[in-house]
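Welcome! Take a moment to look over the sequence and the 3D picture below, and then we will walk through them together, topic by topic.

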Amino acid sequence: MTYAFKCKDIGMQCGFEVHGVSSRDEVMQLAVVHAKAAHNMQTVSPDVANKVSSAITG
Ligand SMILES: [Zn+2]
């Protein structure tokens, strides 16, 4: 079982995606690192975290 996430699934004009990740927590971490680096988010709000969580497929 692996998990995937696409940034555009949370409404971003962004081609970032991860797939083949073995845990939801790891997808979350990758998404947070990406959001900080690519979307200038100093912190990831609970709202964004919820969106990411619900957009994770797998
Ligand atoms: Zn993105």
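Helices here are DSSP runs of H or I with at least four residues, and they are numbered from the N terminus. With that in hand, you can place Val48 in helix α2. Keep in mind as you read that this is a predicted model.

**The overall fold**

- The protein chain contains two helices and two strands.
- Following the sequence from start to end, you meet these elements in the pattern β-β-α-α.
- The C-alpha trace of the protein chain spans about 30 × 20 × 15 Å along its principal axes.
- The radius of gyration of the protein chain is 10 Å, which agrees with the value near 10 Å for a compact globule, because the chain has 58 residues.
- Of the 58 residues in the protein chain, 29% are buried.

**The zinc site**

- Which residues are the protein donors of the zinc ion? They are Cys7 and Cys14, each through its SG atom, together with His34 and His39, each through its NE2 atom.
- These donors lie 2.0 to 2.3 Å from the zinc ion.
- Along the chain, the spacing of the donors reads C-x6-C-x19-H-x4-H.
- The donors Cys7 and His39 link distant parts of the chain, since they sit 32 residues apart.
- Cys7 belongs to the loop between β1 (3–6) and β2 (17–21), while His39 belongs to the loop between α1 (24–38) and α2 (46–55).
- Why is the arrangement around the zinc ion tetrahedral? The four donor atoms subtend angles of 102 to 116°, and four donors count as tetrahedral if all angles lie between 85 and 135 degrees.
- For comparison, the ideal angle for four tetrahedral donors at a metal is 109.5 degrees.
- Cys7 has a relative accessibility of 2%, so this residue counts as buried, because buried means under 20%.
- His39 has a relative accessible area of 23% and is therefore partly exposed.

**The cavity inside**

- How many cavities of 30 Å³ or more does the structure hold? The structure holds one.
- The largest cavity encloses about 70 Å³ of space.
- There are 13 residues lining the largest cavity, and those closest to its centre are Ile10, Ala31, Ala35, Val48 and Val52.
- Both α1 and α2 supply at least two residues each to the lining of the largest cavity.
- α1 gives the most to this lining, with four residues.
- By type, the lining of the largest cavity has twelve nonpolar residues, one polar residue and no charged ones.
- Val48, one of the residues closest to the centre of the largest cavity, is buried because its relative accessible area is 18%.
- Val48 and Ile10 are 38 residues apart in sequence, and their C-alpha atoms are 8.3 Å apart in space.

**Other residues to find**

- Asn40 sits in the loop between α1 and α2.
- Is Asn40 buried or exposed? With 64% relative accessibility, Asn40 counts as exposed, because the cut-off for exposed is over 50%.
- Asn40 is not a glycine, although its phi is positive, at about 55°.
- Most residues other than glycine have a negative phi.
- Val32 lies in helix α1, and its relative accessibility of 24% means that Val32 counts as partly exposed.
- Val32 and Gln42 are ten residues apart along the chain, and 9.8 Å separates their C-alpha atoms.

Notes
Residues are numbered from 1 along each chain as its sequence is written. This is a predicted model: local features need pLDDT of at least 70, side-chain atom pairs count only at pLDDT 80 or more; totals for chains, interfaces and linings use all residues. Side-chain values use heavy atoms; hydrogens and water are left out. Donors are N, O and S atoms within 2.8 Å of the metal (3.2 Å for Na, K and Ca); water is not among the atoms, so sites may look incomplete. Four donors count as tetrahedral if all angles lie between 85 and 135 degrees; four count as square planar and six as octahedral if opposite donors are over 155 degrees apart and all others between 65 and 115; anything else is irregular. Buried means under 20% relative accessible area, exposed over 50%, partly exposed in between (1.4 Å probe, protein chains only). On a 1 Å grid over the protein atoms alone, a cavity is a set of points where a 1.4 Å probe fits but cannot get out, and a pocket is an open set with protein on both sides within 12 Å along at least five of seven lines; lining residues have an atom within 4 Å of a point. Grid points are joined across faces, edges and corners, and a volume is the space filled by probe spheres set on the points. Ala, Val, Leu, Ile, Met, Phe, Trp, Tyr, Cys and Pro count as nonpolar, Asp, Glu, Lys and Arg as charged, and the others, Gly among them, as polar. The radius of gyration is taken over C-alpha atoms; the globule rule is 2.2 Å times the number of residues to the power 0.38.
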